[in-house]
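Here are some notes to read with the model open beside you. Take the points in order, and find each residue as you go.

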Amino acid sequence: MLEKVHIQRFRCFESLKVNPFTRLNLIGGKNNAGKTALLEALFFLSTGTALAALRLKTGRRESLEIVKQMPDQAWVSFFHNQDTSTPIKLHGCYANEDEKLLELSLATSIESVTASGKLTLDDDFKDLLEFVTTTSKPPSTLVATLRQGIDADPHQTSIIATHKGILNLRDSDLPDPLIIPSGLRTDIDDLTEEFDRSRLQDRDDRVLQLFQILDPEIEKIESFSIGEPNLYLKRKGQPRLPICLFGDAINRLADIALKIVNHQSSSIFIDEIENGLHYSNQKAFWQGLFQLCQELEVQLFATTHSLEMIQAFTEAGLDSDPTQFAYFELARHAKTQEIVAIHRDVQTLKYTLNLEQGQGIRGE
């Protein structure tokens, strides 16, 4: 489990240290304080691969057609002040005393990536590279160098933006989509497949328990593939209906629950976790998440703008295990204007909420 991180030159962070993380971690702050950027940095570190950049661009709803028009600009938004002359460094320390260092840089040419001998390309791929790089629109190669332990041998992955699209220099798939963007609904085909995976592991009852926090009348979740895959929910005394008719909150909760139950011993990242959740259900929601994450050894990171969600998080932590709930406020230092992360455990958070009636815990 990640305990602390040092982020250098990633997006809006010139240098940011955050600690101590625990099982459930909630991040607050004003607009443009860096909440989503922090999630992205943590996601990059957890995957340890350049391919995470493509997953993040998809979550941002960035058009890959624009990448074809300006391949040289494909990756610059990940770098602080869009300055690609200095690498990004993400350094994480873990509970088992392991360390992970991920360095992200732009290669000056594809040849500089392949010349090291770390990547073996067959003749067909070499021909493809020659074809896509012979153009007035130069390609851009994002290189990720991962060290599992500071003195360990590096493992390198690369991803290339070209006028023909994006190429992966290694034969590997995209990282699992364990980051849930604020405004992007997961495709119903993917949700149905994830639910079927949970059934194979006999964990679909955990998903149902979280659904019942929002609607106690839901008694069954079913998947059908008639025409196309879909999920159906059945309320007591009523016919089953497709999940899309139950509103955004249920659909988002399905995505969160299935990410957790199908990815034991992993990290999950959720942007604007309050979206769609009525305030009266939020404390029970956090308690349900805690039980599930504790059981499956999942570490959760989430952002919020909601004072009610912060209050519910605090109450759930005090009623569960306060040592497993941590809140971080991102704000700019009054003198340097650099972003800093202020940690509050739930006891301190409760005192602040009572004393200041919510002021001072969301960047105010």
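Which residues are linked with Arg11 in a network of salt bridges?

1. Let's start with that one. Arg11 is joined by Glu40, Lys57, Arg60 and Glu62, and these residues are linked in a network of salt bridges. Please keep in mind that this is a predicted model, and try to pick out each of the members on your screen.

2. Now for the overall tally. The count of salt bridges comes to 15. A few of them deserve a visit of their own, and the next points take them in turn.

3. Look at helix α3, which covers residues 64-69. Glu65 and Lys68 form a salt bridge here, and their closest N and O atoms are 3.3 Å apart. Both partners belong to this helix and sit three residues apart, about one turn of the helix. As for the surroundings, Glu65 has a relative accessibility of 48%, so it counts as partly exposed. Lys68 is also placed in the partly exposed class, because its relative accessibility is 26%.

4. Next, go to helix α6, residues 188-200. Asp196 and Arg199 are three residues apart in this helix, about one turn. A salt bridge joins them, with 3.6 Å between the closest N and O atoms. Are these two side chains buried, exposed or partly exposed? Arg199 is partly exposed at 41% relative accessibility, and Asp196 is partly exposed at 28%.

5. Here is a pair that does not share a helix. Glu329 and Arg344 meet through their side chains in a salt bridge, at 3.1 Å from N to O. Glu329 belongs to strand β15 (residues 325-332) and Arg344 to strand β16 (residues 339-345), so this pair ties together parts that are 15 residues apart in sequence. Buried means under 20% relative accessible area. Glu329, at 5%, therefore counts as buried. Arg344 is buried too, with a relative accessible area of 15%.

6. Let's turn to the pockets. How much space lies in the largest pocket? The value is about 470 Å³. This pocket is lined by 20 residues, and the closest to its centre are Arg55, Pro177, Thr186, Asp190 and Lys259. Two or more lining residues come from each of α2 (52-59), β9 (179-180), α6 and α8 (247-261). Helix α6, which you met in point 4, gives the most, with five residues. Sorted by class, the lining has 10 charged residues, six nonpolar and four polar.

7. The second largest pocket has a volume of about 360 Å³. Of its 17 lining residues, Met1, Leu2, Tyr94, Ser266 and Ser267 are the closest to the centre. At least two residues of the lining come from each of α1 (35-47), β13 (267-270) and β14 (299-303). Which element supplies the largest share of this lining? That is α1, with three residues. The classes here are eight nonpolar, six polar and three charged residues.

8. One last exercise for you. Put the two linings side by side: 10 charged residues are found in that of the largest pocket, while three charged residues are found in that of the second largest. Then return to the network of Arg11, Glu40, Lys57, Arg60 and Glu62, and trace its members once more on the model.

Definitions and conventions. Residues numbered from 1 in each chain as written. Predicted model: local features only at pLDDT ≥ 70, side-chain atom pairs only at ≥ 80, totals over all residues. Heavy atoms only, no water. Salt bridge = Lys/Arg side-chain N within 4 Å of Asp/Glu carboxyl O. Helix = DSSP H or I, 4+ residues; strand = E, 2+ residues; numbered from the N terminus. Buried < 20%, exposed > 50% of the residue type's maximum accessible area, 1.4 Å probe, protein only. 1 Å grid on protein atoms, 1.4 Å probe; cavity = no way out; pocket = protein on both sides within 12 Å on 5 of 7 lines; lining within 4 Å. Points joined across faces, edges and corners; volume = space filled by probe spheres on them. Nonpolar A, V, L, I, M, F, W, Y, C, P; charged D, E, K, R; others polar.
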